[in-house]
Amino acid sequence: PLLSSVRAGQKSTSKLLEAFIMTIEKITNILVDAMGIDAASITPDATFADLGLDSLDTVDLMMKLEEAFGVTIELSEAIKTVGDLVALIDGTGEGS
């Protein structure tokens with residue numbers, strides 16, 4: 001029983017990692033294509049300021065992400081980094 005629960009945990013961890021990778025790739029593509037940001041500077045820890053986005057750019061990004069992922073994103077103090085966006089989208093996106 002322990003081995004099967006470990007295997008089940010590995011499968012769910014693998015699916016979470018796969019979802020994270022897919023989400024961050026999609027966000028990266030939007031940042032590169034629509035916002036003109038260098039892909040090398042986009043990391044989970046990168047803040048919007050690190051990426052050169054001002055408040056108007058950030059609102060524009062949120063609208064693009066809402067359209068791309070089919071979610072509603074409320075701007076808040078909790079969303080500061082690309083990783084925060086991934087966590088939010090993976091937690092509220094389609095199929096959640």
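Thr 58 counts as buried in this predicted model, at 9% relative accessibility. The residue belongs to helix 2, which spans residues 55-69. Setting aside neighbours within four places in sequence, Thr 58 is in contact with Phe 48, Leu 53 and Leu 75.

A second threonine, Thr 81, sits outside the helices, in the loop between helix 2 and helix 3. Thr 81 has a relative accessibility of 16%, and because the cut-off for buried is under 20%, Thr 81 also falls in the buried class. Its contacts, leaving out residues up to four places away in sequence, are Pro 44, Asp 45, Ala 46, Thr 47 and Phe 48. With Pro 44 there is something more specific to look at: the side chain of Thr 81 reaches the backbone oxygen of that proline at 3.4 Å. Phe 48, then, turns up in the contacts of Thr 58 and again in those of Thr 81.

Gly 36 is another loop residue, placed between helix 1 (2-35) and helix 2 (55-69). Here the picture is one of exposure, with a relative accessible area of 65%. Gly 36 and Leu 51 are 15 residues apart in sequence, and their C-alpha atoms are 9.9 Å apart in space.

Turning to the interior, the largest nonpolar core holds 22 residues, and the members that touch the most others are Ile 27, Leu 31, Leu 61 and Leu 65. Helix 1, helix 2 and helix 3 (82-92) are the elements that each give two or more residues to this core. Helix 1 supplies the largest share, at five residues. In soluble globular proteins, nonpolar side chains tend to be buried together.

Ile 27 is worth a closer look. Beyond its neighbours within four places in sequence, Ile 27 is in contact with Leu 65, Phe 69, Val 82, Leu 85, Val 86 and Ile 89. Phe 69 has a charged partner as well: the charged end of Lys 26 sits over the ring of Phe 69, 4.6 Å from its centre. As for pairs between aromatic rings, the count comes to zero.

On confidence, the pLDDT of the protein averages 84, and 82% of the residues score at least 70. Among the elements, helix 2 has the highest mean pLDDT, at 94, while helix 1 has the lowest, at 79. So helix 1 combines the lowest mean pLDDT among the elements with the largest share of the core. Where pLDDT is low, the predicted coordinates should not be read in detail.

Methods:
Residues are numbered from 1 along each chain as its sequence is written. This is a predicted model: local features need pLDDT of at least 70, side-chain atom pairs count only at pLDDT 80 or more; totals for chains, interfaces and linings use all residues. Side-chain values use heavy atoms; hydrogens and water are left out. Helices (H or I, at least four residues) and strands (E, at least two) are DSSP runs, numbered from the N terminus. Buried means under 20% relative accessible area, exposed over 50%, partly exposed in between (1.4 Å probe, protein chains only). A nonpolar core is a set of buried Ala, Val, Leu, Ile, Met, Phe, Trp, Tyr and Cys residues joined through side-chain atoms within 4.5 Å. Contact means heavy atoms within 4.5 Å. Rings of Phe, Tyr and Trp (its six-membered ring) pair if their centres lie within 6.5 Å; planes under 30 degrees apart count as stacked, over 60 as edge-to-face and the rest as tilted. A charge sits over a ring if NZ of Lys or CZ of Arg is within 6 Å of the ring centre and within 35 degrees of the ring normal. pLDDT is the predictor's confidence in each residue, from 0 to 100. A polar contact is a pair of N or O atoms within 3.5 Å; within protein, one must be able to donate a hydrogen and the other to accept it, and residues adjacent in sequence count only if both atoms are side-chain atoms.
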